[in-house]
Amino acid sequence: MKRLLTIFPLLACALHAQAPARAVPSYKDLKFPPLRQAPLPNVERFQLSNGMRVFLLENHELPLVSGFALVRTGNLFDPPDKVGLATMTGMVLRTGGSQSRTGDQIDEQLENIAASVESQIDETSGQVSFSALKESVDEVLATFHELMTAPAFRQDKVDLARSQFRSAISRRNDNPSSISSREFAEIVYGGDNPYGWSMEYEHIDRIQRDDLVAFYNRHFFPSNIMLAVTGDFSAPEMRARIEKLFGSWNAQQPPVPPFPPVKAAPSPGIFVAEKPDVNQTFFEMGHLGGVLKDKDYPALEVMADILGGGFRSRLFAKVRTQLGYAYSVSADWAANYGHPGLFRIQGSTRTDATTETLRVIREEVERLRTTPVSQQEMEGAKQSVLNSFVFRFDTPAKTLNRMVIYEYYGYPQDFIFEYQKGIESVTVADVLRVAKQHVRPAEFSIVVVGKPKEFKQPLGSLGLPVKPLDLTIPETRREAAPGDAASLEKGRLLLRKVQAAVGGADKLAGVKNAVLKVAFKLDPAAGGFVANQSNRWLSPGHLRQDSEMTMGKLSFYTDGKTGWLSTPRGTGPLPPAMLKQAQGNLFRWYFAMLLSDRAADRKVNYAGEGVLEISDAAGNLVRLTVDEATGMPLKESYQQMQPNGPTQDIEELYEEMKEVDGIQYPWKVVLHQNGRRYAEATVQELKLNTGMQLEELSKQP
């Protein structure tokens, strides 16, 4: 038996050795069936009696319900003098709460039930969305309905949005890549239509709460809205909920007009934005693109993928891998649903190689227009696009969203499948044809952000006109109200009433110098620090301020024309922005401001009930609000440029008036910045006519 057990393994090995070797299959031999067309889901559609169109899609995988209302609106409807109105409306619709509850109260409610309701308005649509657990869907739908039909647009949230927008404008030049994208879009679309407009301080400053309410009323009405809901529900029950909630909403408006057409003209050339704080050059180049339903769009997308769609693209291989000029470079034939997108090539490159990088990119573009691509390149690009299709169907919510979007823009429901067939049918000849027909290098707008003095070769060697771009963010200045003889006389008389109320014009004129010590407390939301300040003023125009803070002592002095600044780091000339602030402080100094009718270069104008507008020849302006019955001053408001930021709207509210040497002076001042409280100053001591000398005032620490 042992003998047999020994023989069988040997026999098996012998038989295996005599069998022919089997070839290992290659991955190239693998065959896959074509992708099946994903079926369109069974979406229930109906229309309410008020015109609202509704789409319902059941999905019982998870106990969740979500939805969105798509509103035909957009920032393309912004008035040219109030760019940002639509975006602000979309923001404050949610943050401002409803007529019955504040936005903060709604936040707390939704957080407690793991739900959300959000709103926004972008270029060509507005959206109010919600998500909820199945168990709380009725509660969340009620909140969704509140905000859709009765938003409050509370003033504090309008002010907060304005402040946030101004802050965003002030930072828009921080990111060089964002600069190139913004400037490129503005140049290609042009500044004479809303596609090329940029939001500026002056636009935001003009937008008032009433503007938001009017914009909402014009666009948020049932027949202008499509509502889609998906999740774990019964469609008949959800239909009943929606009919009960929205069926009685009867707001009406005329149909919203079509979005404005794009009327861009080519703007060829090189546009240079000098930015000395970057160590690379950021660039963007191209021209107007097309819309999604263009018959050549599938071929154009394949073409753009070959040119700059990823690691295997021509631009990446040439500019980064072979030449080592750039870390990133890409190309995209962007298309929108309703208006042309942008064909753009973008990236960043070594500063010294900037001109050569642009030259190489133009050569690659020209090669694409004159020489057929390889079959391998084309198949790789097609597969890249086609393989992404699975991610467009991976959730029912995505599918429903796309179907609603198609209907919103007037596209057929099977558009995505026609587009898929278009990609599959693209040929090498198609790529060459669309590159020749649609890519126009002679019309390229090229935006460059960097340090041109360090370019190894001048941009002019590319044979295109070179034009500078000004990145200065325009400041807004409150213009003085026009004053006729009657309003100037009325202003003069009201100011004299103020003078009498606080102690008399002669008393005010008798103040030749003052020492004012205050405790300055910044609100926690604005930083929360405390500073003790000593302000010394010498008539007519000398001011010194010494501040004790946790980081040390800060002092400045000005005579209204120049000055110095002292910090723990040392002493030097007063920076221009701080000098401008100090000049404003001198202009608004309490005793001098109340005697503005005696200053030859000042104008006192009556600017509305209880408002005196005081201005001078240098452009300073302050609005003093007074009680017309008593003459007592109530507050002053003005604009002030920040040393490291934009101009801010400042209000100083006078509280706790006290008498000092026969003159009424506000012992407490509450400061608001852009409508939000941010600090208060409490007087600790005020001394008048102390015998102060100029030498003492101007002496540096």
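**Questions on a predicted structure**

Biologist: Is Phe153 buried or exposed?

Modeller: The relative accessible area of Phe153 is 1%. Buried means under 20%, exposed over 50%, and partly exposed in between, taken with a 1.4 Å probe and protein chains only. Phe153 therefore counts as buried.

Biologist: What kind of model is this?

Modeller: Residues are numbered from 1 along each chain as its sequence is written, and side-chain values use heavy atoms, with hydrogens and water left out. Local features need pLDDT of at least 70, side-chain atom pairs count only at pLDDT 80 or more, and totals for chains, interfaces and linings use all residues; the model is predicted.

Biologist: Where is Phe153 found?

Modeller: Helices (H or I, at least four residues) and strands (E, at least two) are DSSP runs, numbered from the N terminus. Phe153 is not a glycine, yet its phi is positive, about 50°. Its place is the loop between H4 and H5.

Biologist: Which strand holds Glu656?

Modeller: Glu656 also has a positive phi, about 55°, although it is not a glycine. At 44% relative accessibility, Glu656 counts as partly exposed. It lies within residues 647-660, which form strand E25.

Biologist: Which residue is joined to Ser539 by a cis peptide bond?

Modeller: The omega of this bond is about 5°. The second partner sits in the loop between E16 and strand E17 (542-549). That partner is Pro540.

Biologist: Why do the buried residues of H8 line one face of the helix?

Modeller: In helix H8 (residues 209-219), the buried residues are Asp211, Leu212, Phe215, Tyr216 and His219. Seen down the axis, they fall within a limited arc, that of the directions from the helix axis to the C-beta atoms. They line one face because this arc is 135°.

Biologist: Which elements are included in the cover of the buried residues of H8?

Modeller: The cover rests on contact, which means heavy atoms within 4.5 Å. It includes E3, helix H2 (85-95) and strand E4 (116-121). Also included are helix H4 (137-149), helix H5 (155-170) and helix H7 (201-206).

Biologist: How many salt bridges does a search of the whole structure find?

Modeller: Side chains of opposite charge can pair when their charged atoms come close. A salt bridge is a side-chain nitrogen of Lys or Arg within 4 Å of a carboxyl oxygen of Asp or Glu. Over the whole structure, the number found is 44.

Biologist: How many residues apart in sequence are the parts that Arg45 and Glu407 tie together?

Modeller: The side chains of Arg45 and Glu407 meet in a salt bridge, 2.5 Å from N to O. Arg45 lies in strand E1 (residues 44-47) and Glu407 in helix H14 (residues 396-409), so the separation of the parts tied together is 362 residues.

Biologist: Which residue does Glu696 meet in a salt bridge of 3.5 Å?

Modeller: Glu696 is in helix H21 (residues 694-698), and its partner is in strand E16 (residues 530-538), 160 residues apart. Glu696 counts as partly exposed at 43% relative accessibility, whereas the partner counts as buried at 15%. The partner is Arg536.

Biologist: Which residues are linked with Lys295 in a network of salt bridges?

Modeller: The network has Lys295 as one of its members. The others are Asp296, Asp430 and Arg433.

Biologist: What distance separates the C-alpha atoms of Ala299 and Arg433?

Modeller: Ala299 lies in helix H10 (residues 297-308) and counts as buried at 5% relative accessibility. Neighbours within four places in sequence aside, Ala299 is in contact with Val426, Asp430 and Val434. Ala299 and Arg433 are 134 residues apart along the chain, and their C-alpha atoms are separated by 9.0 Å.

Biologist: Which side chain is joined to that of Glu680 by a polar contact of 2.6 Å?

Modeller: Glu680 is found in strand E27 (residues 676-688) and is buried, with a relative accessible area of 16%. A polar contact is a pair of N or O atoms within 3.5 Å; within protein, one must be able to donate a hydrogen and the other to accept it, and residues adjacent in sequence count only if both atoms are side-chain atoms. The side chain joined to Glu680 in this way is that of Arg677.
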